[in-house]
Amino acid sequence: MSEDTILIGGYSNFPSGAAAKEVYGMLGVALEIDPKTGKIVNAATTLLTDVTKNFVSRILVGQNMNEGLKEPIKSIERRYFGRNKKALIAALMDAHRIYEKYLEEKYNL
């Protein structure tokens, strides 16, 4: 893994009644990305259980941010049946917007 990776965070609101809302306040997604390839090399969330955090990380690692979020969102919609599904997708979309802004600034688009 390159030391030149970047870290992008995205956030959204947990739904009311979500246990993690009491602990974290907001749902956060942190994506470590290789900017040369756009690939996600590491991912973490503020979801509550280790099982859920690991599950989501396995879905995201290896995805390419340059290709958008269609495939990871499809996978989450097909495989994740937790209460926080919509909030997780919203946090990913927020992270993707920030990544696109990073690319615009880096390449003066």
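Which residue just after helix 2 takes a positive phi? I looked it up in what is a predicted model, and found Gly62, with a phi of about 100 degrees.

**Helix 2**

While there, I checked which residues of helix 2 are buried. I noted Thr52, Phe55, Val56, Ser57, Ile59 and Leu60. The cover over these buried residues includes strand 2, strand 3, helix 3 and helix 4.

**Strands 1 and 2**

Next I went to strand 1, residues 6-13. Its covered face holds Ile6, Ile8, Gly10 and Ser12. Leu7, Gly9, Tyr11 and Asn13 sit on the uncovered face. Strand 2 covers residues 26-33 and runs antiparallel to strand 1, with eight bridges joining the two. I also looked for the partner of Ile8 across the pair, and Leu31 in strand 2 stands opposite.

**Leu31 and the core**

Leu31 seemed worth a second look. Not counting residues up to four places away in sequence, Leu31 touches Ile6, Leu7, Ile8, Ile40, Asn42, Ala43, Leu60, Met65, Leu92 and Ala95. I then pulled up the largest nonpolar core, which has 29 residues. Leu31 is among the members that touch the most other members, along with Leu27, Ile33 and Leu60. I asked where the core residues come from: strand 1, strand 2, strand 3 (40-45), helix 2 (50-60), helix 3 and helix 4 each supply at least two. Helix 4 gives the most, with eight residues. Leu60 turns up twice in my notes, as a buried residue of helix 2 and as one of the core members with the most contacts to other members.

**Helix 3 against helix 4**

How do helix 3 and helix 4 pack, at what angle and how far apart are their axes? I get an angle of about 170 degrees, with the axes 10 Å apart. Because of that angle, helix 3 is roughly antiparallel to helix 4. From helix 3, Ile73, Ile76 and Glu77 meet Lys85, Leu88, Ile89, Leu92 and Met93 of helix 4. I sorted the residues of this contact by type: six are nonpolar, two are charged and none is polar. Leu92 was already in my notes as a contact of Leu31.

**Asn84**

Last stop was the loop between helix 3 (70-79) and helix 4 (85-107), where Asn84 sits. Is Asn84 buried or exposed? Its relative accessible area is 12%, so Asn84 counts as buried, the cut-off being under 20%. I listed its contacts too, leaving out residues up to four places away in sequence: Phe14, Pro15, Ala18, Leu27 and Leu47. Leu27 is also one of the core residues that touch the most other members.

Methods:
Residues numbered from 1 in each chain as written. Predicted model: local features only at pLDDT ≥ 70, side-chain atom pairs only at ≥ 80, totals over all residues. Heavy atoms only, no water. Buried < 20%, exposed > 50% of the residue type's maximum accessible area, 1.4 Å probe, protein only. Helix = DSSP H or I, 4+ residues; strand = E, 2+ residues; numbered from the N terminus. Pairing = 2+ DSSP bridges. Contact = heavy atoms within 4.5 Å. Axes fitted to C-alpha atoms, helices over the stretch in contact; angles between N-to-C directions. Parallel < 35°, antiparallel > 145°, perpendicular 65-115°, else oblique. Nonpolar A, V, L, I, M, F, W, Y, C, P; charged D, E, K, R; others polar. Core = buried A, V, L, I, M, F, W, Y, C linked by side-chain atoms within 4.5 Å.
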